[in-house]
Amino acid sequence: MAIIGIISGIIYLIIFAALGSWLAGRKGYSSGSWAFLCFLTGPIGLIALAGAPCQYTSSSLNEIIKKLDAKSSEGSSGSKPVTPMSSVRLSGKTWTCKKCQEENSATANSCKSCGEYR
Ligand SMILES: [Zn+2]
């Protein structure tokens, strides 16, 4: 029965460690060290962290936002495949010839005007 008590105590402290790590991350502190502190002290560490001032100043927050913006724009340009104009114009029952811009029916494999294959 003593083992159950120890295990539930550890689970209890792990919950505080997880909360401490999350809260430290939000406040701009080292989440790893605060997780360890909350694991050791339980609610005391968590209360201390909750009472601690937010490390982020408006200027550093702006830098983080800029970094995130740069990352997101990199990601979007990298993930987006370059769509050729011919496939963009391809809509409905017709397709537009990439050579002469002639409208052709979807059933035609080559342009009726210049013979260019789509
Ligand atoms: Zn054509």
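**Figure 1. Packing of helix 1 against helix 2 in the predicted model**. Helix 1 and helix 2 pack at an angle of about 150°, and their axes are 7 Å apart. Angles over 145 degrees count as roughly antiparallel, so helix 1 is roughly antiparallel to helix 2. The crossing of the two helices is right-handed. On the side of helix 1, the contact uses Leu13, Ile14, Phe16, Ala17, Leu19, Gly20, Ser21, Ala24 and Gly25. On the side of helix 2, the partners are Ser31, Trp34, Ala35, Leu37, Cys38 and Phe39. Sorted by class, the residues of this contact are 11 nonpolar and four polar, with no charged residues.

**Figure 2. Packing of helix 1 against helix 3**. Helix 1 covers residues 2–27 and helix 3 covers residues 43–51. Their axes are 9 Å apart, and the packing angle is about 15°. Angles under 35 degrees count as roughly parallel, which means that helix 1 is roughly parallel to helix 3. This crossing is left-handed. Helix 1 contributes Phe16, Leu19, Gly20, Leu23 and Ala24 to the contact, and these meet Pro43, Gly45, Leu46, Leu49 and Ala50 of helix 3. The contact has eight nonpolar residues, two polar residues and no charged residues.

**Figure 3. Crossing of helix 2 and helix 3**. Helix 2 spans residues 31–41. Its axis comes within 6 Å of the axis of helix 3, and the two cross at roughly 135°. At this angle, helix 2 is oblique to helix 3. The residues that make the contact are Trp34, Leu37, Cys38, Leu40 and Thr41 from helix 2, together with Ile44, Gly45, Leu46 and Leu49 from helix 3. Seven of the residues in this contact are nonpolar and two are polar, while none are charged.

**Figure 4. The largest nonpolar core**. This core has nine residues in all: Phe16, Ala17, Ala24, Trp34, Ala35, Leu37, Cys38, Leu46 and Leu49. Helix 1, helix 2 and helix 3 each supply at least two of them. Helix 2 gives the most, with four residues.

**Figure 5. Surroundings of Leu37**. Leu37 is found in helix 2 and is one of the residues of the largest nonpolar core. There are 22 other C-beta atoms within 10 Å of it. A residue counts as buried if it has 20 or more, so Leu37 is buried. Apart from residues up to four places away in sequence, Leu37 touches Gly20 and Gly45. Leu37 and Gly20 are 17 residues apart in sequence, and their C-alpha atoms are 8.0 Å apart in space. Gly20 belongs to the helix 1 side of the contact with helix 2, and Gly45 belongs to the helix 3 side of the contact between helix 2 and helix 3.

**Figure 6. Ala18 and Ala35**. Ala18 lies in helix 1. It has 14 C-beta neighbours inside 10 Å and therefore counts as partly exposed. From C-alpha to C-alpha, Ala18 and Ala35 are 6.2 Å apart, although 17 residues separate them in sequence. Ala35 is one of the residues of the largest nonpolar core.

**Figure 7. Gln101 in the loop between the two strands**. Gln101 is placed between strand 1 (94–96) and strand 2 (103–105). The residue is not a glycine, yet it has a positive phi of about 65°. Gln101 is partly exposed, with 13 other C-beta atoms within 10 Å.

**Figure 8. Tyr117 and its contacts**. Tyr117 lies in the segment after strand 2. A residue counts as exposed if it has 12 or fewer C-beta neighbours; Tyr117 has 10 inside 10 Å and so is exposed. Leaving out residues up to four places away in sequence, Tyr117 touches Asn109 and Ser110. Tyr117 and Cys97 are 20 residues apart in sequence, with a C-alpha to C-alpha distance of 8.1 Å.

**Figure 9. The chain as a setting for the close-ups**. The protein chain has five helices and two strands, in the order α-α-α-α-α-β-β along the sequence. Of its 118 residues, 13% are buried. Among contacts between residues at least 6 apart in sequence, 28% join residues at least 24 apart.

Notes
Residues are numbered from 1 along each chain as its sequence is written. This is a predicted model: local features need pLDDT of at least 70, side-chain atom pairs count only at pLDDT 80 or more; totals for chains, interfaces and linings use all residues. Two residues are in contact if their C-beta atoms, placed from the backbone, lie within 7 Å. Axes are lines fitted to C-alpha atoms, for helices over the stretch in contact, and angles run from 0 to 180 degrees between N-to-C directions. Angles under 35 degrees count as roughly parallel, over 145 as roughly antiparallel, 65 to 115 as roughly perpendicular and the rest as oblique. A crossing is left-handed if the near helix is turned anticlockwise from the far one by less than a right angle, and right-handed if clockwise. Ala, Val, Leu, Ile, Met, Phe, Trp, Tyr, Cys and Pro count as nonpolar, Asp, Glu, Lys and Arg as charged, and the others, Gly among them, as polar. A nonpolar core is a set of buried Ala, Val, Leu, Ile, Met, Phe, Trp, Tyr and Cys residues joined through C-beta atoms within 7 Å.
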